[in-house]
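I opened the file to look up how the chain packs, and I kept notes as I went. The entries follow in the order of looking.

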Amino acid sequence: MVKIAASAQNPVTDIVQTLMADEMLGFERELARALEPQQGYLTDTEMALYRSGKKLRPLTLLLTARLFQASGALPHKVLRAAASLEMLHVASLIHDDIID
(Lines give C-alpha, C1' and ligand atoms only; values in the text may rest on other atoms or scores of the structure.)
Protein backbone atom coordinates (compact mmCIF):
# COMPACT_ATOMS: atom_id res chain seq x y z
CA MET A 1 0.00 0.00 0.00
CA VAL A 2 1.31 3.42 -0.99
CA LYS A 3 1.05 6.04 1.72
CA ILE A 4 0.48 9.62 0.60
CA ALA A 5 1.92 12.32 2.84
CA ALA A 6 -0.72 14.57 4.33
CA SER A 7 -0.47 18.18 3.32
CA ALA A 8 -0.35 20.94 5.90
CA GLN A 9 -2.91 22.75 3.76
CA ASN A 10 -6.29 21.73 2.47
CA PRO A 11 -6.60 19.90 -0.88
CA VAL A 12 -8.08 22.92 -2.67
CA THR A 13 -5.08 25.05 -1.72
CA ASP A 14 -2.76 22.27 -2.89
CA ILE A 15 -4.49 22.16 -6.29
CA VAL A 16 -4.40 25.93 -6.67
CA GLN A 17 -0.74 26.23 -5.69
CA THR A 18 0.60 23.26 -7.65
CA LEU A 19 -1.60 22.42 -10.62
CA MET A 20 -3.48 25.62 -11.37
CA ALA A 21 -1.26 28.46 -10.12
CA ASP A 22 -0.93 30.22 -13.48
CA GLU A 23 -4.61 29.84 -14.32
CA MET A 24 -5.74 31.16 -10.93
CA LEU A 25 -3.35 34.10 -11.22
CA GLY A 26 -4.88 34.93 -14.60
CA PHE A 27 -8.35 34.60 -13.09
CA GLU A 28 -7.43 36.95 -10.21
CA ARG A 29 -6.10 39.53 -12.69
CA GLU A 30 -9.25 39.29 -14.78
CA LEU A 31 -11.46 39.61 -11.71
CA ALA A 32 -9.55 42.71 -10.55
CA ARG A 33 -9.86 44.21 -14.04
CA ALA A 34 -13.60 43.52 -14.13
CA LEU A 35 -14.14 45.02 -10.66
CA GLU A 36 -12.09 48.17 -11.28
CA PRO A 37 -14.95 50.25 -12.76
CA GLN A 38 -17.23 49.21 -9.88
CA GLN A 39 -14.98 50.30 -7.03
CA GLY A 40 -16.75 53.64 -6.78
CA TYR A 41 -19.96 52.13 -5.49
CA LEU A 42 -18.92 48.80 -3.93
CA THR A 43 -18.32 48.98 -0.19
CA ASP A 44 -15.13 47.74 1.46
CA THR A 45 -17.08 44.75 2.75
CA GLU A 46 -18.31 43.88 -0.73
CA MET A 47 -14.79 44.17 -2.15
CA ALA A 48 -13.50 41.95 0.67
CA LEU A 49 -16.02 39.30 -0.38
CA TYR A 50 -14.43 39.24 -3.84
CA ARG A 51 -10.91 38.94 -2.41
CA SER A 52 -11.70 36.16 0.07
CA GLY A 53 -13.19 32.72 -0.26
CA LYS A 54 -12.11 29.44 -1.75
CA LYS A 55 -13.12 30.37 -5.30
CA LEU A 56 -14.33 26.83 -5.98
CA ARG A 57 -16.62 27.78 -8.85
CA PRO A 58 -13.93 29.51 -10.93
CA LEU A 59 -11.46 26.76 -10.05
CA THR A 60 -13.91 24.11 -11.27
CA LEU A 61 -14.44 26.03 -14.50
CA LEU A 62 -10.68 26.38 -15.03
CA LEU A 63 -10.06 22.69 -14.26
CA THR A 64 -12.77 21.71 -16.75
CA ALA A 65 -11.24 23.96 -19.40
CA ARG A 66 -7.86 22.38 -18.69
CA LEU A 67 -9.38 18.93 -19.42
CA PHE A 68 -10.07 20.08 -22.96
CA GLN A 69 -6.80 21.96 -23.43
CA ALA A 70 -4.06 20.04 -21.69
CA SER A 71 -1.19 22.41 -22.43
CA GLY A 72 -0.56 26.05 -23.16
CA ALA A 73 -2.34 29.07 -21.83
CA LEU A 74 -6.10 28.90 -21.56
CA PRO A 75 -8.01 31.30 -23.82
CA HIS A 76 -8.76 34.71 -22.33
CA LYS A 77 -12.49 34.05 -22.63
CA VAL A 78 -12.11 31.17 -20.14
CA LEU A 79 -10.52 33.52 -17.58
CA ARG A 80 -13.27 36.05 -18.26
CA ALA A 81 -15.91 33.36 -17.75
CA ALA A 82 -14.30 32.35 -14.43
CA ALA A 83 -14.30 35.98 -13.26
CA SER A 84 -17.93 36.40 -14.37
CA LEU A 85 -18.91 33.25 -12.52
CA GLU A 86 -17.28 34.50 -9.30
CA MET A 87 -18.93 37.92 -9.67
CA LEU A 88 -22.33 36.27 -10.12
CA HIS A 89 -21.75 34.07 -7.08
CA VAL A 90 -20.70 36.99 -4.85
CA ALA A 91 -23.61 39.10 -6.11
CA SER A 92 -26.01 36.31 -5.15
CA LEU A 93 -24.40 36.12 -1.69
CA ILE A 94 -24.75 39.86 -1.23
CA HIS A 95 -28.37 39.73 -2.33
CA ASP A 96 -29.35 36.67 -0.27
CA ASP A 97 -27.40 37.42 2.90
CA ILE A 98 -27.39 41.20 3.09
CA ILE A 99 -30.34 42.56 1.12
CA ASP A 100 -32.94 39.91 2.01
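Entry 1, Leu 31. I began with the contacts of Leu 31, setting aside neighbours within four places in sequence; in this predicted model they are Tyr 50, Lys 55, Ala 83, Glu 86 and Met 87. I note that Leu 31, Tyr 50 and Met 87 also appear among the residues with the most contacts inside the largest nonpolar core.

Entry 2, the core. I then looked up that core as a whole. It has 20 residues, and besides the three just named, those with the most contacts inside it are Met 24, Phe 27, Leu 35 and Leu 62. Next I asked which helices supply at least two residues each. They are α2 (21–35), α3 (44–51), α4 (56–68) and α5 (76–99). The most comes from α5, with seven residues. As background, nonpolar side chains in soluble globular proteins tend to be buried together.

Entry 3, the whole chain. I stepped back to the overall make-up. The protein has five helices and zero strands, and the order from the N terminus is α-α-α-α-α. Of its 100 residues, 30% count as buried. I also checked the sequence range of contacts: among those between residues at least 6 apart in sequence, 70% join residues at least 24 apart.

Entry 4, Lys 55. I returned to one contact of Leu 31, namely Lys 55. Lys 55 sits in the loop between α3 and α4. Is Lys 55 buried or exposed? Its relative accessible area is 5%, so Lys 55 is buried, the cut-off being under 20%. I also wrote down its backbone: phi is positive, at about 60°, although Lys 55 is not a glycine.

Entry 5, Lys 54. I looked at Lys 54 too, which is in the loop between α3 and α4. Here the relative accessible area is 56%, and Lys 54 is exposed because the cut-off for that is over 50%. I then took a C-alpha to C-alpha distance: Lys 54 lies 8.3 Å from Thr 13, with their positions 41 residues apart in sequence.

Entry 6, Glu 46. I moved into helix α3, where Glu 46 has its place. Glu 46 has 17% relative accessibility and therefore counts as buried. Apart from neighbours within four places in sequence, I found Glu 46 in contact with Tyr 41 and Ile 94. Its C-alpha is 9.9 Å from that of Leu 93, a residue 47 places away in sequence.

Entry 7, α1 against α2. I turned to helix pairs, which are described by the angle between the axes and the distance between them. The axes of α1 and α2 come within 5 Å and cross at roughly 95°. An angle from 65 to 115 degrees counts as roughly perpendicular, so α1 is roughly perpendicular to α2. On the α1 side I listed Val 16, Gln 17 and Leu 19, which meet Ala 21, Glu 23 and Met 24 in α2. By class, this contact of α1 with α2 has four nonpolar residues, one polar and one charged.

Entry 8, α1 against α4. Helix α1 covers residues 11–19, and its axis is 12 Å from that of α4, at an angle of about 50°. The two helices are therefore oblique to each other. The crossing of α1 past α4 is left-handed. Which residues of α1 meet α4? They are Val 12, Ile 15 and Val 16, and their partners in α4 are Leu 56, Leu 59 and Leu 63. I counted classes for this contact of α1 with α4: six nonpolar, no polar and no charged residues.

Entry 9, α2 against α4. The last pair I checked has axes that come within 11 Å and cross at roughly 130°. That makes α2 and α4 oblique to each other as well. The crossing of α2 past α4 is right-handed. From α2, Glu 23, Met 24 and Phe 27 meet Pro 58, Leu 59, Leu 62 and Arg 66 in α4. The class count for the contact of α2 with α4 is five nonpolar, no polar and two charged residues.

Note on methods
Residues are numbered from 1 along each chain as its sequence is written. This is a predicted model: local features need pLDDT of at least 70, side-chain atom pairs count only at pLDDT 80 or more; totals for chains, interfaces and linings use all residues. Side-chain values use heavy atoms; hydrogens and water are left out. A nonpolar core is a set of buried Ala, Val, Leu, Ile, Met, Phe, Trp, Tyr and Cys residues joined through side-chain atoms within 4.5 Å. Buried means under 20% relative accessible area, exposed over 50%, partly exposed in between (1.4 Å probe, protein chains only). Helices (H or I, at least four residues) and strands (E, at least two) are DSSP runs, numbered from the N terminus. Contact means heavy atoms within 4.5 Å. Axes are lines fitted to C-alpha atoms, for helices over the stretch in contact, and angles run from 0 to 180 degrees between N-to-C directions. Angles under 35 degrees count as roughly parallel, over 145 as roughly antiparallel, 65 to 115 as roughly perpendicular and the rest as oblique. A crossing is left-handed if the near helix is turned anticlockwise from the far one by less than a right angle, and right-handed if clockwise. Ala, Val, Leu, Ile, Met, Phe, Trp, Tyr, Cys and Pro count as nonpolar, Asp, Glu, Lys and Arg as charged, and the others, Gly among them, as polar.
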